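Me: I should like to examine how the terms applied to this structure are justified. Please set each value against its definition and then conclude.

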Amino acid sequence: MPAVVDVSALRKAYGNGFEALKSVDLQIEEGEILALLGPNGAGKTTLISTICGITTATSGSVRVGGHDTITDFRAARAMIGLVPQEINLEPFERVQNTVKFSRGLFGKTANPALIEKILRQLSLWDKRDNQIRELSGGMKRRVLIAKALSHEPRVLFLDEPTAGVDVELRRDMWEIVADLKRDGVTIILTTHYIEEAEAIADRIGVIAEGKILLVEDKDKLMARMGRKEFEVQLTQPIAEIPASLVSDALRLSDDGTALIYTYDTRAERTGITKLLADVAAAGLVLRDVVTRQSSLEDIFVGLVQTGDAP
């Protein structure tokens, strides 16, 4: 099955020579949730804006549902819903009218039942006759989401949708995302809450300095790059690791009360059994042991710091 979003050799450069996107290739499958992670200035918003037709690429191509975003813009854009970072709404318009107007912009016939469903999902139904200026910041962000969903898009871009919003909206947002995924909608998410990406994404993409470093199945990425730490807590602090235990995989905690051993869970032998025997042979007395699995955030930070695909 062809990708629902197909980005090929996409480049965006400005007059001063700055390259925001550097020959980006990205294929997004229908019905998946892709979390696009990257530091500030990495090119996430530029990439989304270019796919959505807001920004014009310097070179390369984008197809959405088989429609070229330049030569067949209307058909491509009709498939896309976008929740931008910035809140830009008409302050004196009423909530319900704002959402209905967005649907009409895409040539969709009136569907009061759908609009009501969306507003109820986002806890906006009781605010439907309020002017936008009367809403809190969190409620305004809910209106942005409602606008993006009003024309029933098959591809939904969420650019930092939960940045600076309350826990309730974040929960409502992810419930809606889950419902949309069940309906086969493709969702591309950027977020600074990496634990959210870890919880809901099917695949993870990492972008830095305008380049895609990787796009990979989340579970496979965690298994391939995730490492575990085995912490041996000691009854008495030590000043340095005994010579018999010195290893690249072993380090001493700052307070000297624990030995921290990093190992690969995929290895045939973890080395833990030998480590414990060596610790005992060195005359060190264990107080406790703790294991920790590296998170998606650990992997993300490592990739961005090196700037290279693994």
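Me: Why is aspartate 278 called partly exposed?
Reply: Buried means under 20% relative accessible area, exposed means over 50%, and partly exposed lies in between (1.4 Å probe, protein chains only). Aspartate 278 has 22% relative accessibility and therefore counts as partly exposed. Lysine 274, with a relative accessible area of 57%, is exposed. The model is predicted: local features need pLDDT of at least 70, side-chain atom pairs count only at pLDDT 80 or more, and totals for chains, interfaces and linings use all residues. Residues are numbered from 1 along each chain as its sequence is written, and side-chain values use heavy atoms, with hydrogens and water left out.

Me: What makes the contact of aspartate 278 with lysine 274 a salt bridge?
Reply: A salt bridge is a side-chain nitrogen of Lys or Arg within 4 Å of a carboxyl oxygen of Asp or Glu. The closest N and O atoms of aspartate 278 and lysine 274 are 2.8 Å apart, and the pair forms a salt bridge. The two residues are four apart in helix α9, so about one helical turn separates them. Helices (H or I, at least four residues) and strands (E, at least two) are DSSP runs, numbered from the N terminus.

Me: How many salt bridges does this rule give?
Reply: The count comes to seven. One of them joins the side chains of glutamate 32 and arginine 203, at 2.7 Å from N to O. This pair links distant parts of the chain, with glutamate 32 in the loop between β2 (19–28) and β3, arginine 203 in strand β9, and the two positions 171 residues apart.

Me: Are glutamate 32 and arginine 203 buried or exposed?
Reply: Glutamate 32 has a relative accessible area of 8% and is therefore buried. Arginine 203 is also buried, since its relative accessible area is 18%.

Me: Which term fits each partner in the salt bridge of arginine 103 and glutamate 152?
Reply: Their side chains meet at 3.0 Å, N to O. Arginine 103 lies in helix α3 (residues 95–105) and glutamate 152 in the loop between α5 and β7, 49 residues apart. At 5% relative accessibility arginine 103 counts as buried, whereas glutamate 152, at 40%, counts as partly exposed.

Me: How do you know that β9 and β10 pair?
Reply: Two strands pair if DSSP finds at least two bridges between them. Strand β9 (residues 203–208) and strand β10 (residues 211–217) have six bridges, in the antiparallel sense. Aspartate 217 in β10 is the bridge partner of arginine 203. The two strands form a hairpin with two residues between them, and glutamate 209 in the turn has a positive phi of about 50°.

Me: Why is valine 279 called buried, and which residues does valine 279 touch?
Reply: Valine 279 has a relative accessible area of 0% and is therefore buried. This residue of helix α9 (residues 272–281) touches Leu245, Leu259, Leu284 and Leu286, not counting residues up to four places away in sequence. Contact means heavy atoms within 4.5 Å.

Me: What span is expected of helix α6, and what span does the helix reach?
Reply: The expected span is 1.5 Å times one less than the number of residues. Helix α6 (residues 167–182) has 16 residues and reaches 23 Å from its first C-alpha to its last, close to the 22 Å expected. Its buried residues include Leu169, Met173, Trp174 and Leu180.
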